[in-house]
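Here's a quick look at how two parts of one chain meet. Have the sequence and the model open as you read.

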Amino acid sequence: MFKILIVDDEASMRTFVQHALADDEYDIRTAASVPEALDHVREEIFDLVITDLMMVPLSGMDLLRAVKELSPETEVLMMTAYGTIETAVQAMKLGACDYITKPFPVDELRLRVAHVLERKRLQRENRWLREELFQHFGIENLVGQSPPFLHVLEKVRRVAPTDATILLTGETGTGKDVIARAIHLLSRRASRPFIAVNCAALPEQLLESELFGHVKGAFTGAVANRKGLIEEAAGGTFFLDEIGSIPLSIQAKLLRVLEQKTIRRVGENREIPVDVRIIAATNRDLNDALRRGEFREDLYYRLNVVAIHLPPLRARREDIPLLAHHFLRQFSQRDQKAIVGFTEAAMTALMKYAFPGNVRELRHIVEQAVALASGQWITVADLPAHVRTATTASEERELETALNQVERDLILQALRRNEGHLERTARDLGMSRVTLWRKMKKYGLAKRFVPSSDSPQ
Ligand SMILES: Nc1ncnc2c1ncn2[C@@H]1O[C@H](COP(=O)(O)OP(=O)(O)OP(=O)(O)O)[C@@H](O)[C@H]1O
Ligand SMILES: [Mg+2]
């Protein structure tokens with residue numbers, strides 16, 4: 001069920017829209033003025049407000065601003081009789097989700113409303129998934145709403161409660177560590193230890209004794225019996241980070257942990273049973289290591305029971321603003337700075353940057369920027385030079401394409417409304433006939449609407 005508010009000072013228009021949208025799925029209210037509409041908005045949370053633009057004394061634009069402030073998640077669709085490009089662009093900039101030019105056919109309105117609400121429904125489902133994961137389990141530090149990231153979370157949620165061995169893959173800084181911890185916290189092992197070992201950080205012999213423990217006298221320096229870390233993790237989760245660099249000799253012993261759930265301490269022949277869940281991670285392509293014979297195939301298949309791939313940040317750019325704000329909050333709190341956000345240009349620069357170091361690099365950049373920022377906003381100047389230069393040309397091209405799309409759309413709507421009559425369309429759009437003709441040619445609309453003999457000089 002979606003709640004919709006229709007706002008227009010013309011009663012006939014209100015009725016028209018209300019009838020057009022009559023549907024069991026929609027719960028509809030109407031208001032004849034902006035103040036009346038705001039009374040509704042203060043009282044209930046609407047999914048969508050459909051408002052006329054030209055109303056006095058307060059306009060649809062005023063309503064848009066107020067709604068975005070009172071209830072930021074409510075979508076606003078503008079109806080405008082004056083299809084001027086500037087107002088539509090301005091409304092979109094202020095957060096309107098769409099606009100429609102009056103008069104419009106019933107079907108077009110229905111289609112646009114259905115489209116907006118479908119997007120809302122998806123958002124709602126995503127939020128539900130996040131809330132379930134994060135509020136119920138207290139994992140607040142996993143940020144991201146992009147479809148690829150939600151896909152990862154969905155998988156995490158599904159496999160976490162099982163005892164399945166998990167292989168996490170992904171470039172450096174994509175969050176393999178945080179995901180491993182999240183899996184542990186979401187499992188029935190949450191109250192037991194989570195122990196991580198970086199397999200690349202230790203020389204072979206030391207790694208072996210760290211993992212499996214040793215008995216006194218097993219090697220020089222083994223002055224007493226010592227429990228290995230896998231044993232320490234009993235009942236909990238053992239995280240093998242950078243599994244790709246584990247030596248072959250240790251791989252065989254690890255296989256035993258996975259297959260028989262036992263370990264053998266260095267210098268001892270006895271098998272000791274252990275109950276641990278193994279999560280392994282790698283930022284290398286294990287297939288390469290397999291081909292070169294540096295990684296045992298049987299171990300690979302044992303580890304790869306469930307594979308979770310963490311996509312690089314550049315493949316989920318929608319998460320950049322969320323993560324950037326998340327880190328901004330963290331660091332401005334830590335450094336006791338009252339920074340409210342990023343300027344548009346700074347955010348654009350971040351959105352454009354390729355982030356070879358992924359989330360870790362973004363975190364770093366924000367940390368630095370917070371330290372540098374002198375005002376309330378993080379500006380482009382607070383970003384590293386290589387991030388700054390990532391924007392510019394291609395950036396401007398994209399904005400221009402977006403504006404062109406809006407303009408083409410408006411001209412097309414106006415042409416249809418005026419049955420292709422140039423003079424009337426131009427007047428309707430508030431531009432000269434020559435300008436209109438030029439734009440029609442630019443957007444490939446000229447042939448469609450006007451016989452070429454009609455073209456102005
Ligand atoms: N989704 C996320 N939400 C919030 N913080 C994240 C997220 N993903 C990663 N981070 C943060 O980014 C940094 C890098 O993440 P992490 O250490 O998990 O990466 P990694 O994949 O293990 O990298 P490496 O391969 O270099 O070990 C950490 O500070 C982590 O907290
Ligand atoms: Mg890591």
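What follows covers the domain layout, one domain interface and one residue.

Keep in mind that this is a predicted model. The chain splits into four pieces, with these bounds:

| Domain | Residues |
|---|---|
| domain 1 | 2-121 |
| domain 2 | 147-309 |
| domain 3 | 314-388 |
| domain 4 | 393-454 |

Let's stick with domain 2 and domain 3. Their centres, taken over C-alpha atoms, sit 34 Å apart. On the contact surface, 7 residues from domain 2 meet 10 residues from domain 3. Put together, the two domains bury about 660 Å² between them, and 40% of that is on carbon and sulfur atoms.

What about polar links across this boundary? There are 6 residue pairs in polar contact between domain 2 and domain 3, counting pairs with both residues at pLDDT 80 or more. If you sort the domain 2 side that touches domain 3 by class, you get 3 nonpolar, 3 polar and 1 charged residues. The salt bridge count between the two domains is 1. R314 forms a salt bridge with E171, and their closest N and O atoms are 2.6 Å apart.

Now for R316, which lies in the loop between β14 (306-309) and α13 (319-334). Is R316 buried or exposed? R316 has a relative accessible area of 1%, so it counts as buried. Which residues does R316 contact, leaving aside neighbours within four places in sequence? The list is S146, P148, F149, T174, P311 and V359.

Technical notes. Residues numbered from 1 in each chain as written. Chains lettered and ligands numbered in written order. Predicted model: local features only at pLDDT ≥ 70, side-chain atom pairs only at ≥ 80, totals over all residues. Heavy atoms only, no water. Domains from an automatic or database assignment. Contact = heavy atoms within 4.5 Å. Buried area = accessible area lost by both parts, 1.4 Å probe. Salt bridge = Lys/Arg side-chain N within 4 Å of Asp/Glu carboxyl O. Polar contact = N/O pair within 3.5 Å; in protein donor to acceptor, adjacent residues only side chain to side chain. Nonpolar A, V, L, I, M, F, W, Y, C, P; charged D, E, K, R; others polar. Helix = DSSP H or I, 4+ residues; strand = E, 2+ residues; numbered from the N terminus. Buried < 20%, exposed > 50% of the residue type's maximum accessible area, 1.4 Å probe, protein only.
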